Amino acid sequence: MIKVGVLGAAGRMGSTVCEAVMNDDELELGARVGRDDPVDFLVESGVEVAVDFTTPGAVKDNVRFCLEHDIHAVVGTTGLTAVDLAEIESWAKASEANCLVAPNFAVGAVLMMQFAAKAVSYFDSAEIIERHHERKLDAPSGTALRTAELMNAARGADWVEPAEEKETLQGSRGGRSDGIHIHSVRAPGYVAHQEVVLGASGETLTIRHDSVDRVSFMPGVLVAVKRVADGPGLTVGLEHLLDL
Ligand code: NAP
């Protein structure tokens, strides 16, 4: 049995993770930590793996605490920058424990990112439209940023941009990640959704994924909890644990 602690346990994702851990024969829920609880509780309860679904402002301190106390960390909280990840990597190197960060634990979303990266050399332009519930704190989503990062790394060439373009309402063309435009929609009713739209002469390809329930993230979270000890150090992306 692996003893698991959940940071952000009272939240939408954290409470779903607690339930999934309790329903898994190989896992034991050792600690539920909320905003006002001392994080030391993880150590006192002998937790081996901590799962963080908190906020962009809280996650780094939590991960640092875990790694300093040799507790493996599985991180779903989004909003971490490349600089943050470099810091986490240095903490993981100095620790007996490892860290896995995944902007999206849904297997379908991981496949969407892989398919999009495979398509890049056949198209001229790419746009990402992501839709989330209205209480999401960060924009664009970590999934959109990761998708753009993987697509740009696979492309190795510039995207074709319109020769002349004038935004009459600032922001209409979204944010830009190396030539990929990202549009964030927020509305009650959504969970987590994304479309990648690739364009070429006379055709478009749309790759779409919808998480309509937070249970969609649980198989990925459970795999990460069981495999994070295999390490080494920092791993970014669930794709490294799946046989794709
Ligand atoms: P949420 O419902 O607001 O839950 C966050 C929880 O964290 C709240 O209960 C909050 O408590 C608590 N919290 C805040 N600071 C804390 C701290 N220092 N220590 C412990 N708990 C703390 O948000 P959510 O919808 O579950 O999303 C959480 C994160 O997961 C977001 O970053 C979201 O983007 C991300 N996410 C990732 C995936 C993925 O697959 N990787 C999927 C969905 C969501 P209070 O309410 O008292 O502030």
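**Exercise 1.** Find how far an oxygen atom of the ligand is from an N or O atom in the side chain of Thr78.

*Solution.* Step one: the distance from that ligand oxygen to the Thr78 side-chain atom is 2.7 Å, which fits a polar contact (a pair of N or O atoms within 3.5 Å). Keep in mind that this is a predicted model, where local features need pLDDT of at least 70 and side-chain atom pairs count only at pLDDT 80 or more, while totals for chains, interfaces and linings use all residues. Residues are numbered from 1 along each chain as its sequence is written, and side-chain values use heavy atoms, leaving out hydrogens and water.

Step two: turn to the backbone. A polar backbone atom of Arg12 lies 2.9 Å from a ligand oxygen, and one of Pro103 lies 3.1 Å from a ligand nitrogen.

**Exercise 2.** Which residues come nearest to the ligand, and how does its shell divide?

*Solution.* Start with the 23 residues around the ligand (a heavy atom within 4 Å). Arg12, Met13, Arg35, Thr78 and Phe105 come nearest. Then sort the shell: nine are nonpolar, 10 polar, Gly counting here, and four charged.

**Exercise 3.** Which domains does the assignment give, and how far apart are their C-alpha centres?

*Solution.* Domain 1 spans 2-101 + 214-241, and domain 2 spans 107-211, with bounds from an automatic or database domain assignment. Their C-alpha centres lie 27 Å apart. Finally, the contact (heavy atoms within 4.5 Å) takes 13 residues from domain 1 and 13 from domain 2.

Definitions and conventions: Polar contact = N/O pair within 3.5 Å; in protein donor to acceptor, adjacent residues only side chain to side chain.
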